[in-house]
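Q: Pick one small part of this model and give me a close look at it, then work outward until I can see how the rest is put together. Please give the cut-offs as you go.

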Amino acid sequence: MSAHDSLHFRILEDIAHELSGDINFPTCMDAALLVRNTLKDPFANIDRVVRVVSIEPLISSKLLRLANSIAYNPAGKTISDLGTAIGRIGFDSVRTISLAVAMDQLLKSRNLAAYEPIAHRAWAHSLDVAAIARVLARRIGRINPEDAMMAGLVHDIGVFYLLYRAAEYPEYRSNPDAMMELLCGWHEGIGESLLHALGVPERIIEAISDHDRLYNVETPCNVRDVLYFANLLAGGDREWMGEYSDADAQELRDADRARYQDLVLEAEDDIHELRSALGIRQ
């Protein structure tokens with residue numbers, strides 16, 4: 001039993017209570033939730049989505065920027081109308097970008113100030129994983145690149161939420177070891193519960209389940225497989241994943257990483273494009 005178990009029990013009990021009822025999301029999540037609720041309606045059309053997205057100018061501007069990127073607009077003809085932009089990039093991208101904007105704003109919240117270094121490393125890693133996953137999905141050809149990108153963006157959302165909530169517990173601020181133990185042990189489970197509450201499609205949640213676990217993949221055939229390799233290629237052995245003492249397991253991870261190492265260079269443009277669309281400095 002860990003020396004920090006009693007501390008973890010308090011925050012995890014509070015989070016479990018919150019996730020089982022009406023979640024008090026950070027304000028920056030409100031717009032993403034509104035977009036989510038609109039897109040859940042099978043009869044939602046572009047005009048209705050435009051009206052909802054227009055409520056949050058920040059999301060609107062990011063969608064326009066993405067629609068004008070090389071990946072979605074190779075002809076280079078400027079798109080200035082939000083409806084045209086959404087029609088070009090699709091509803092899946094609207095959902096992804098709105099959630100990405102919310103996560104980026106969460107990083108700028110006062111609550112995460114105490115944990116800014118690790119929060120920014122986690123976010124940079126998520127962006128890299130998202131871009132690499134999209135490139136790998138495109139290469140394979142059987143997997144929706146937008147699903148792969150979204151899975152990459154949100155696979156570590158539990159890290160951000162735990163950091164956000166831990167700010168309310170002074171004991172964590174003075175105990176970095178306890179903070180890292182909390183992240184290593186609980187970010188995956190908390191992240192899945194949070195994504196359920198956010199209404200993220202079940203196929204995405206299934207893809208990120210146990211994403212830090214080593215498993216044998218001969219040929220990537222679904223979003224889960226793609227996320228596994230993208231996580232490794234982006235430097236998946238992150239500090240909040242804990243240590244791997246099994247030399248054989250680490251050797252297998254290194255071998256899996258080497259199989260698609262060339263994708264890292266191929267994904268550089270996608271990484272730049274995604275960061276640019278979100279207005280994030282390189």
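A: Apart from its neighbours within four places in sequence, serine 69 is in contact with Pro74 and Glu273, where contact means heavy atoms within 4.5 Å. Serine 69 sits in the loop between helix H4 (57–67) and helix H5 (82–89). Helices here are DSSP runs of H or I with at least four residues, strands are runs of E with at least two, and both are numbered from the N terminus. With a relative accessible area of 11%, serine 69 is buried; the labels are buried under 20%, exposed over 50% and partly exposed in between, using a 1.4 Å probe and protein chains only.

A word on ground rules: this is a predicted model, so local features need pLDDT of at least 70 and side-chain atom pairs count only at pLDDT 80 or more, while totals for chains, interfaces and linings use all residues. Residues are numbered from 1 along each chain as its sequence is written, and side-chain values use heavy atoms, with hydrogens and water left out.

Stepping back to H4, you find proline 57 in that helix. Proline 57 counts as exposed, at 56% relative accessibility. Its C-alpha atom is separated by 11 Å from that of valine 101, which is 44 residues apart from it along the chain.

Aspartate 156 is another loop residue, placed between helix H8 and helix H9 (157–166). Aspartate 156 counts as buried at 2% relative accessibility. Between aspartate 156 and serine 209 there are 11 Å, C-alpha to C-alpha, and 53 residues along the chain.

Now for helix H13. This helix is mostly covered, with 10 of its 11 residues buried. Among them are Val223, Asp225, Val226, Leu227, Tyr228 and Phe229. The cover over those buried residues includes helix H7 (116–140), helix H8 (145–154), helix H12 (202–208), H14 and H15.

Just past H13, alanine 234 lies in the loop between H13 (223–233) and helix H14 (247–259). Alanine 234 is buried, at a relative accessible area of 16%. Setting aside neighbours within four places in sequence, alanine 234 touches His125, Asp128, Val129 and Ile132. For a long-range yardstick, alanine 234 and serine 6 are 34 Å apart in space, C-alpha to C-alpha, and 228 residues apart in sequence.

The aromatic rings bring us back to H13. In total, the structure holds four aromatic pairs. Rings of Phe, Tyr and Trp (its six-membered ring) pair if their centres lie within 6.5 Å; planes under 30 degrees apart are stacked, over 60 edge-to-face, and the rest tilted. Tyrosine 228 and phenylalanine 229 are an edge-to-face pair, because their ring centres are 5.2 Å apart and their planes are at 75°. Both partners are tucked away: tyrosine 228 is buried at 3% relative accessible area, and phenylalanine 229 is buried at 1%. Phenylalanine 229 also pairs with tyrosine 260; the centres are 5.0 Å apart and the planes are at 70°, so this pair is edge-to-face too. Because phenylalanine 229 lies in H13 and tyrosine 260 in the loop between H14 and helix H15 (262–266), the pair ties together parts that are 31 residues apart in sequence. Tyrosine 260 counts as buried at 14% relative accessibility. Ring pairs thus link Tyr228, Phe229 and Tyr260 into a cluster.

Zooming all the way out, the chain has 16 helices and zero strands. Its radius of gyration is 19 Å, close to the 19 Å the globule rule gives for 282 residues, so the chain is as compact as a globular protein of that length. That radius is taken over C-alpha atoms, and the rule is 2.2 Å times the number of residues to the power 0.38. Along the principal axes, the C-alpha atoms fill a box of roughly 60 × 45 × 35 Å. Buried residues make up 54% of the 282. Of the contacts between residues at least 6 apart in sequence, 72% join residues at least 24 apart.
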